[in-house]
Amino acid sequence: MEILSDEMLLDTYTCAVKLKLEAEFIGLLLTEIKRRGIHPDTARIGA
C-alpha cells in the first residue's frame, strides 16, 4: 500500500465505495488511510 500516493489511495477508496466493492477491500483501504493520518472528509478527493 505504501506505493500509492495519498491522493491515489483516497481516489481508490472513493471509487471502491461508489462501486460497492467487497467490504474487506474497502476496510483495507480505510485502515491504510487511518494509518497515514489522512482525513477523507477534509481531503481533496477526485482532483
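L19 sits in the loop that joins helix 1 (6–18) to helix 2 (23–35). Keep in mind that you're looking at a predicted model. Here's a quick tour: the loop and its surface patch, then how the two helices pack, then the salt bridges.

**The loop and the patch**

- Is L19 buried or exposed? L19 is exposed, because its relative accessible area is 61% and anything over 50% counts as exposed.
- L19 has company on the surface: together with L21 and F25, L19 forms a nonpolar patch.
- Taken together, L19, L21 and F25 have about 290 Å² of accessible area.

**How the helices pack**

- Helix 1 and helix 2 pack at an angle of about 150°, and their axes are 10 Å apart.
- What does that angle say about direction? Angles over 145 degrees count as roughly antiparallel, so helix 1 and helix 2 are roughly antiparallel to each other.
- As for handedness, helix 1 and helix 2 make a left-handed crossing.

**The salt bridges**

- How many salt bridges are there? The count comes to three.
- One of them pairs the side chains of R36 and D6, with 2.8 Å from N to O. That pair ties together distant parts of the chain: D6 is in helix 1, R36 is in the segment after helix 2, and their positions lie 30 residues apart in the numbering, that is, they are 30 residues apart.
- R35 and E32 make another salt bridge, and their closest N and O atoms are 2.8 Å apart. These two are three residues apart in helix 2, so about one helical turn separates R35 from E32.
- E32 also forms a salt bridge with R36, again with the closest N and O atoms 2.8 Å apart.
- Put the pairs together and you get a network of salt bridges that links D6, E32, R35 and R36.

**How exposed are the network residues?**

- Which label fits E32, buried or exposed? E32 is buried, because its relative accessible area is 9% and the cut-off for buried is under 20%.
- R35, the partner of E32 in one of the bridges, counts as exposed at 53% relative accessibility.
- R36 counts as partly exposed, at 22% relative accessibility.
- D6 is partly exposed too, with a relative accessible area of 41%.

How values were computed. Residues numbered from 1 in each chain as written. Predicted model: local features only at pLDDT ≥ 70, side-chain atom pairs only at ≥ 80, totals over all residues. Heavy atoms only, no water. Patch = residues over 30% accessible without salt bridge, like charges linked within 9 Å, V, L, I, M, F, W, Y side chains within 5 Å. Areas by Shrake-Rupley, 256 points an atom, 1.4 Å probe, with all protein chains shown as cover. Salt bridge = Lys/Arg side-chain N within 4 Å of Asp/Glu carboxyl O. Helix = DSSP H or I, 4+ residues; strand = E, 2+ residues; numbered from the N terminus. Buried < 20%, exposed > 50% of the residue type's maximum accessible area, 1.4 Å probe, protein only. Axes fitted to C-alpha atoms, helices over the stretch in contact; angles between N-to-C directions. Parallel < 35°, antiparallel > 145°, perpendicular 65-115°, else oblique. Left-handed = near helix turned anticlockwise from the far one by under 90°.
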